[in-house]
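Trainee: I would like to go through the labels used for this model and ask what each one rests on.
Mentor: Go ahead, and we will set each value against its cut-off.

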Amino acid sequence: MTIAGQVCRGVLGAGMLVMPPVVAALAHGHSLLVWCAHLLLGGSVSLLLAALVRTRTGPMPLAGTVGALLGTWAERAVDAVFAVAFTAGQAAIAWFTATCLMAAADGAPPRPGAGGLPLALGILVVAVAVALSPLTFPAAVLRVRPWAAGVVALGCVLWGGPGIPAQGAHSALAPPGLSPHGAQWLALAALFFAGVGWEVVTGVVPATASGARGTALGVCLGIAGVAAVHLGLAAVQRFAGAAPAAPAPVRWTLAVAAAVVLTSYCVTNVRTAAKIAARLYPGGRRTTGRGPARTLVATVGAACCAFARAGAGDGAVPLLLLGPAVAAVIGYALGAAAAVRRGGPLLRCAGVAVLLALGGVTALTVSSLSGA
């Protein structure tokens, strides 16, 4: 149960709010199929990493695990891509939050463009200011936050916020011009943002010292919990899509609640990105006793704002989410490569299968976007 709980807490976060509307806007009637494909791939990665680290490494993050099994270069590569990816991810969250607020005002999905940029930048400025301050979220708040995100996400999908644009319409949730198949591959790739957290097993599995069966059972229970939440939200999103627009007070309540929750995630994620970036310096010299240096936090915040500025256009949210997606694919591919190199026959076969799946999703996504 410890493993299952950590898997759920690692995966379930801001993605509960952001991804159901994005996947629905891209995949439309095939959204549940896209979610199932993501859960199958993400769950497979989690099981593979759990089996890999159970007796081979101590409890450490994914970067440390691949570094221990493949070499220091692999650890630095994972840290580098995740440090950049976190900044793009916060820009995507800010744009989604701005879209929610504009939809609450207008009662319909807003058109993209410069109109949402001041809102997105304002959200990021607030998040970075809090990240630079001495304020820390109590442990109780961090434990309750995923539950709050889930409740707000359920309210949003029930009442249609921020709204699903028509296929081909100009929107921050989906770029126009993609073929239906191309949009579905983009949705699957963007879902790696919601799946960042499958790798939490590299820290919890060695710490629990469970046997092979207990480890597999714990990870499978965690996968089942994540699947229940994500598929439940996706199903409600699909079947409540035709519901009439909610009254203005309900729209504003949900939009403001979503903004508060998502901004809190931006705060912790900016700090996390700064901590990861600090590890790239020799000896972690840009780290103070209380965390990363303020200049590094400010630099991460500036990068978030730059990504938000670059994303002022159609499909800003899923396209910016490709940043975390690329980082997740690289990290998971290195984990699979470590399984091929250091595992037994069964683990090697599983590693090859995961590498082929990740490579296939990447190739098809790139092909769909380059052909748009």
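Trainee: Why is Phe86 called buried?
Mentor: This is a predicted model, and in it Phe86 has a relative accessibility of 17%. Buried means under 20%, so Phe86 counts as buried.

Trainee: What about Phe82, buried or exposed?
Mentor: Phe82 is buried, because its relative accessible area is 8% and the cut-off is under 20%.

Trainee: Where do Phe82 and Phe86 lie?
Mentor: Both are in helix H5, 4 residues apart, which is about one turn of the helix.

Trainee: How many aromatic pairs are there?
Mentor: The count is 1 aromatic pair. The ring centres of Phe82 and Phe86 are 6.4 Å apart, and a pair needs centres within 6.5 Å.

Trainee: What makes the pair of Phe82 and Phe86 tilted?
Mentor: Their planes are at 45 degrees. Stacked requires under 30 degrees and edge-to-face over 60, so the pair of Phe82 and Phe86 is tilted.

Trainee: Which other residues of H5 are worth a look here?
Mentor: Val78 lies in H5, which spans residues 72–106, and Thr97 is found in H5 as well.

Trainee: Why does Val78 count as buried?
Mentor: Its relative accessibility is 2%; the limit is under 20%, so Val78 counts as buried. Leaving out residues up to four places away in sequence, Val78 touches Ala63, Val66, Gly331 and Leu334. The C-alpha atoms of Val78 and Ala333 are separated by 10 Å, with these positions 255 residues apart along the chain.

Trainee: How do you know that Thr97 is buried?
Mentor: At a relative accessible area of 1%, Thr97 satisfies the under 20% condition, so it is called buried. With residues up to four places away in sequence not counted, Thr97 touches Ile123, Ala259 and Leu262.

Trainee: What is the angle between H5 and H6?
Mentor: H5 and helix H6 (residues 117–132) pack at about 125 degrees, and their axes are 8 Å apart. That angle makes H5 oblique to H6, because roughly perpendicular covers 65 to 115 degrees and roughly antiparallel starts over 145. The crossing of H5 and H6 is right-handed. Among the residues that make the contact are Ala94, Thr97 and Leu101 of H5, and Ala120 and Ile123 of H6. By class, the contact of H5 with H6 has 11 nonpolar, 2 polar and no charged residues.

Trainee: Why is H3 called oblique to H8?
Mentor: The axes of helix H3 (residues 31–53) and helix H8 (residues 180–190) cross at roughly 40 degrees and come within 9 Å. Roughly parallel would need an angle under 35 degrees, and roughly perpendicular begins at 65, so H3 is oblique to H8. The crossing of H3 and H8 is right-handed.

Trainee: Which residues meet where H3 and H8 are in contact?
Mentor: Val34, Ala37 and His38 in H3 meet Gln184, Ala187 and Leu188 in H8. This contact of H3 with H8 has 4 nonpolar, 2 polar and no charged residues.

Trainee: What makes Leu322 buried?
Mentor: Leu322 has a relative accessible area of 19%, and under 20% is the condition, so Leu322 is buried. Leu322 lies in helix H14 (residues 316–342). Not counting residues up to four places away in sequence, Leu322 touches Leu186, Ala189, Ala190 and Leu369. Leu322 and Phe193 are 129 residues apart in sequence, and their C-alpha atoms are 7.7 Å apart in space.

How values were computed. Residues numbered from 1 in each chain as written. Predicted model: local features only at pLDDT ≥ 70, side-chain atom pairs only at ≥ 80, totals over all residues. Heavy atoms only, no water. Axes fitted to C-alpha atoms, helices over the stretch in contact; angles between N-to-C directions. Helix = DSSP H or I, 4+ residues; strand = E, 2+ residues; numbered from the N terminus. Left-handed = near helix turned anticlockwise from the far one by under 90°. Contact = heavy atoms within 4.5 Å. Nonpolar A, V, L, I, M, F, W, Y, C, P; charged D, E, K, R; others polar. Buried < 20%, exposed > 50% of the residue type's maximum accessible area, 1.4 Å probe, protein only. Phe/Tyr/Trp six-rings, centres within 6.5 Å; stacked < 30°, edge-to-face > 60°.
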